[in-house]
Amino acid sequence: MADLLVTNFNRNFTGVSATAANVVRQQAGRYQMALVGRALPGCPDPISIAAARAASRHHDPAKPFAIWHVRRNTEMRAAIWARDVLRLPVRIVFTSAAQRRHSAFPRWLISRMDAVIATTEAAATYVPHVRSVVPHGVDTDLFTPAENRGSAWAALGYGGQQGIATIGRIRPEKGTDLFVDAMLRLLPKHPGAVALVIGRATREHQGFLKGLQAKIAAAGLGKRILFPGEIPASDLPRVMRALSLVMQLPRYEGYGMAPLEGLASAVPFVGSDTGYYRAFSAQGTVGTVVPLEAADAAAEAAGQLLSAPGELSRRGQAGRDLAVHAFSAHAEADGIDAVYQDLWSAG
């Protein structure tokens with residue numbers, strides 16, 4: 001029996017997976033709930049689609065139907081099949097973060113949703129049936145400040161005294177090349193700093209990665225701009241709290257969790273003007289937003305912070321407060337619950 005079925009069909013741990021996991025950990029004690037498809041860290045063991053269909057038939061009799069909460073095209077398709085073909089007593093909720101027009105097939109799928117939750121006001125303008133705008137939240141129990149940042153960084157073994165990182169797939173859309181350009185300008189002026197490019201390049205972006213590595217080698221910074229690859233989700237909080245600064249310079253971002261995970265860890269950020277970064281920055285008090293394609297401006301902003309330890313610490317503490325009080329996973333789960341309750345109340 002289940003009143004809420006949350007789907008996760010992607011075998012890779014993506015940004016969507018991370019945001020879903022944050023919420024599922026909060027939801028596990030609130031409902032008769034099941035995770036469907038692939039496992040998520042810290043979440044209940046998943047069940048199969050067949051088991052999810054069976055569970056939907058036996059929801060709490062006090063509720064008129066079970067809710068399937070979906071986040072991807074394949075998940076929308078499975079939920080529509082359950083509701084419209086198998087005629088199961090379900091309603092479908094979709095979370096939308098994209099801040100651009102969807103292509104034709106996703107638009108059709110989204111039009112079949114019973115309710116849509118947008119993560120930002122901008123995302124809400126691109127989809128129908130929006131019941132609420134609920135920003136993604138960070139797990140502030142998982143991402144926490146280091147007791148001693150210097151010791152935490154030293155324990156990672158990357159060298160230097162300070163760490164700067166960008167996190168995400170290595171590809172042009174994520175601005176990995178802009179981060180590298182910023183580091184080529186920044187690191188010669190800050191000999192104690194080491195930069196990490198955390199993430200992996202898919203096969204189609206191997207040439208892009210090799211070009212970045214060649215550029216770094218030509219600048220003589222191969223030992224200070226490192227590519228540790230994709231870090232398991234369970235290890236990311238330990239890495240995040242050891243950093244001195246997060247820098248995210250994507251050319252496009254639907255939302256962007258890395259700055260928020262940094263803030264929860266008391267780590268300020270420098271980010272490009274996309275995603276929800278302006279909201280995270282709190283008018284520039286905990287983060288600095290620079291224009292798109294502005295590697296020079298990002299390097300300058302980072303350099304100012306690294307040269308002012310007191311300001312870096314103040315921003316980190318303020319960022320932690322912002323994450324806890326305005327962008328927590330608990331608050332996101334509360335906002336989502338309001339949508340569920342409206343659906344159940346309406347029958």
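A cavity here is a set of grid points where a 1.4 Å probe fits but cannot get out. Keep that picture in mind as we walk through this structure, which is a predicted model.

**The enclosed space**

Counting cavities of 30 Å³ or more gives one. The largest cavity holds about 50 Å³ of space. Who sits around it? Its lining is made up of T166, I167, G168, R169, K174, T176, V197, I198 and Q248. Two strands, β7 (162–167) and β8 (193–198), each give at least two residues to that lining. In chemical terms, the lining of the largest cavity is a mixture: three residues are nonpolar, four are polar and two are charged.

**The sheet that holds β7 and β8**

Strands β7 and β8 belong to an open sheet of six strands with parallel pairing, and the order across this sheet is β9-β8-β7-β10-β11-β12. β9 (225–229) and β12 (287–290) are at the edges with a single partner strand each, so one side of each has no neighbour in the sheet. Going from one strand to the next, the twist averages 20 degrees.

You can look at one end of this sheet in detail. There β11 (residues 269–272) pairs with β12 in the parallel sense, over four bridges. Within that pair, F269 is placed opposite G287 of β12.

**The other sheet**

Another open sheet also has six strands and parallel pairing, this time in the order β2-β1-β3-β4-β5-β6. Its edge strands, β2 (33–37) and β6 (130–133), each pair on one side only. Here the twist from one strand to the next averages 25 degrees.

β1 (residues 4–8) and β2 run parallel and are joined by five bridges. If you would like a landmark in the pair, L5 has A34 as its bridge partner in β2. Helix α1 lies across β1 and β2 and runs at about 155 degrees to β1. Helix α2 (residues 49–57) packs on the sheet as well, touching β1, β2, β3 (66–70) and β4 (90–96), and its direction makes about 145 degrees with that of β3.

**Two helix pairs**

Two packed helices are described by the angle between their axes and the distance between the axes. The table sets out both values for two pairs.

| Helix pair | Angle | Axis distance |
|---|---|---|
| α1 (residues 15–27) and α14 (residues 329–346) | roughly 75 degrees | within 9 Å |
| α7 (residues 176–186) and α8 (residues 206–218) | about 5 degrees | 11 Å |

How should you read the angle of roughly 75 degrees between α1 and α14? Angles of 65 to 115 degrees count as roughly perpendicular, and α1 and α14 are therefore roughly perpendicular to each other. On the α1 side, the contact is made by N22, V23, Q26 and Q27, which meet A329, H330, E332, A333, I336 and Y340 in α14. The residues of this contact divide into five nonpolar, four polar and one charged.

For the other pair, the angle of about 5 degrees makes α7 roughly parallel to α8. T176, D177, V180, D181 and L184 of α7 take part in the contact, together with F208, L212, K215 and I216 of α8. By class, this contact of α7 with α8 has five nonpolar, one polar and three charged residues. T176 is a residue you have met before, as it is also listed in the lining of the largest cavity.

**A contact between distant parts of the sequence**

R241 is part of helix α9 (residues 236–242). Although R241 and F143 are 98 residues apart in sequence, their C-alpha atoms are 7.3 Å apart in space. What does R241 touch, leaving aside its neighbours within four places in sequence? The contacts of R241 are L142, T144, P145, A146, R149 and S265.

Key: Residues are numbered from 1 along each chain as its sequence is written. This is a predicted model: local features need pLDDT of at least 70, side-chain atom pairs count only at pLDDT 80 or more; totals for chains, interfaces and linings use all residues. Side-chain values use heavy atoms; hydrogens and water are left out. Two strands pair if DSSP finds at least two bridges between them. Axes are lines fitted to C-alpha atoms, for helices over the stretch in contact, and angles run from 0 to 180 degrees between N-to-C directions. On a 1 Å grid over the protein atoms alone, a cavity is a set of points where a 1.4 Å probe fits but cannot get out, and a pocket is an open set with protein on both sides within 12 Å along at least five of seven lines; lining residues have an atom within 4 Å of a point. Grid points are joined across faces, edges and corners, and a volume is the space filled by probe spheres set on the points. Ala, Val, Leu, Ile, Met, Phe, Trp, Tyr, Cys and Pro count as nonpolar, Asp, Glu, Lys and Arg as charged, and the others, Gly among them, as polar. Angles under 35 degrees count as roughly parallel, over 145 as roughly antiparallel, 65 to 115 as roughly perpendicular and the rest as oblique. Contact means heavy atoms within 4.5 Å.
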